[in-house]
Amino acid sequence: MHIISNFALFAILVSAVPAFSIDVSHSLSSRGTVGISRMEGFDFKTQGGNSIELATLLEWPSFAISGILGMHGAEATNLGGGWGYRGYEGAHARLQMEFPLFSGIPSAGGVSTEGIPAGDSMPEETESRERPRSGSGFVAGWGGGGGAFFSRYRETELLLFYPSAYTFLFFDWYTAFPRVRIRYTVPFEWYFRKDLAVSFSLGLSIGVVYTWTQPAGKGGK
Amino acid sequence: MKFFILSFAAFIVLSSFLSCTLDPDPGERYAIVYGVARYIEPANQLEYSADDALAVGELLKSRGYPADNVIVRTDTEATKAQLEIDIDTIAQRASSDSLFVFYYSGHGVQWKSLDGTDHEYIFLYHPVRTLEGGIGDSELMQILRKIPSKRKVVLLDSCNSGGFMGDFPGVDLIPADYQGTRADYLRAAQKAFVKYFANVEEGDIPYTEAVVIAAGGAQELTFEADFDFKKNTIAHGIFTYYLLKAPTSADRNNDGFITTLEAYRYIRSQIEKDWNRYLSTEEVFLPRISGGPLDLVIF
């Protein structure tokens, strides 16, 4: 019953949003990270991690808001010196905002081509901060947000909560399919963990974004 | 596009490299090993706690702990006053970079104080009355603080020993009176969220002080046995029996060293496999490990 009503809400949302120039998209991404940790009285150690995330994006021409749900895991560190930091795994949620900074739209995606003589093309990189609504091209930008993590130390049944703050650079590669784009991000995340004095990670992620709303045709927008 | 794929691959390789294993030798190490079977009252006598301590002492020596650095006391030698002397002795010799292990086998109990809080005790030998030899959770923490080592491991083979470990920052999904089922995940997540914003409670041994591995939960009894259910000779506390086997059976990554997590995982899985499935729900028990980010090589 809940699923049906949620789906109905989603359908209404998707059908209504074009009136407000909003695109509704979902993305599935995978992230690899290097975490840096230090407990009070101990040294810094690194631990490799990964996560998989499902995001819902509400995209306006000049910014976007995303809600993200994901699963994460981190390997235990090395045991150099007779000690290490435990690995952990769990689930997390994030809320983020992002802003396109520049875009490269080789075939006038999102910008009218009327009036341009045949044979000419739009510049390789425009000053536009808007997203191409169709065709190939790219948009790069930055964003930031906060997260809430529930992690369980590996090999134990000990569950802990901690929030995070993070920023990221993103690069959206628009494919030949108008609804699909490939997204690369470079995130930096700071974890406010009570068990560690310092904990942050740097990573790279790759994902696929699917836009549910009908992108405007060439010359649209 | 190629640049991103290549940089992604390079990043993954770099991550793996950064997490590769360096020398895990724990370096200088010390241990105090206590076991009490012969309490003053006949009704309180145990069978194997002194043997537990002797066997653990030998295990540590065989795993590279210098004989001079391992103090083993059993029965009438294992008194509260003697423990304080032994702690002072080690405190003078150990440095902040040393590894220190405290092991105890004997009786333990949980009492509720007048303010409603639970306190756990272990009982060293006392020549007049066993209760006089009790060391509470807070008191043990204060005693251990005299040791300057950053790396401390506390191994407790006694009833209610899980109550000695601080319950911060991790919320244990195993209830304090484990009866074969885990706590509800959502409820535990809610508790973990609330705990993040709460002040740390002093009293038990916090994760910053030591990694504690206890034979059972704060409200669980633990046992010693002559044989297991397959008629194999045990002749130890059940927890200690598997601890003694850990060096040969718990080395999950085959690096030749056993960490607290490896030992815990092995002991727990063996108790679940060889004991709990034969015991009634009131009798089952499960080892616990304290919450904190550290994993220490113990032998």
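Which residues does Leu294(B) touch, not counting residues up to four places away in sequence?

1. In this predicted model, Leu294(B) touches Met39(A), Phe42(A), Trp83(A), Gly84(A), Tyr85(A) and Arg86(A) from chain A, together with Val211(B) from chain B, when residues up to four places away in sequence are not counted. Leu294(B) is also listed, with Val33(B), Tyr65(B), Val101(B), Tyr242(B), Trp275(B) and Phe299(B), among the residues that touch the most other members of the largest nonpolar core, which has 67 residues.

2. The element that gives the most to this core is helix H7 of chain B (residues 260-276), which supplies seven residues. Because domain 1 (2-166 + 204-295) and domain 2 (171-202) of chain B both give residues to the core, it lies between them. Apart from it there is another core, of 35 residues, and this one includes Tyr39(B), Ala78(B), Leu83(B) and Val212(B). As background, nonpolar side chains tend to be buried together in soluble globular proteins.

3. A second region worth checking is strand E7 of chain A (residues 158-174), which is largely enclosed by the rest of the structure, because 12 of its 17 residues are buried. On one pairing, E7(A) runs antiparallel to strand E6 of chain A (residues 137-153), to which it is joined by 16 bridges, and within this pairing Phe149(A) has Tyr162(A) as its bridge partner. The hairpin of E6(A) and E7(A) has four residues between the strands, and Glu155(A) takes a positive phi near 70° there.

4. E7(A) also runs antiparallel to strand E8 of chain A (residues 180-191), with 11 bridges joining the two, and Thr167(A) stands opposite Phe188(A). These two strands form a hairpin as well, with five residues between them. A further antiparallel pairing crosses to the other chain, where E7(A) meets strand E8 of chain B (residues 171-172) over two bridges, and here Leu158(A) stands opposite Asp172(B).

5. Confidence in chain A deserves a careful look, since its mean pLDDT is 83 while 73% of its residues reach 70 or more. The highest mean, 97, belongs to strand E3 of chain A (residues 64-74), whereas helix H1 of chain A (residues 2-16) has the lowest, at 60. Over residues 107-128 of chain A the pLDDT stays under 50, and the model has 30 contacts for this stretch beyond four places in sequence. Residues 216-221 of chain A are likewise below 50, with 13 contacts in the model beyond near neighbours in sequence. Where pLDDT is low, the predicted coordinates should not be read in detail.

Conventions
Residues are numbered from 1 along each chain as its sequence is written. Chains are lettered from A and ligands numbered from 1 in the order in which they are written. This is a predicted model: local features need pLDDT of at least 70, side-chain atom pairs count only at pLDDT 80 or more; totals for chains, interfaces and linings use all residues. Side-chain values use heavy atoms; hydrogens and water are left out. pLDDT is the predictor's confidence in each residue, from 0 to 100. Contact means heavy atoms within 4.5 Å. A nonpolar core is a set of buried Ala, Val, Leu, Ile, Met, Phe, Trp, Tyr and Cys residues joined through side-chain atoms within 4.5 Å. Buried means under 20% relative accessible area, exposed over 50%, partly exposed in between (1.4 Å probe, protein chains only). Domain bounds come from an automatic or database domain assignment. Two strands pair if DSSP finds at least two bridges between them.
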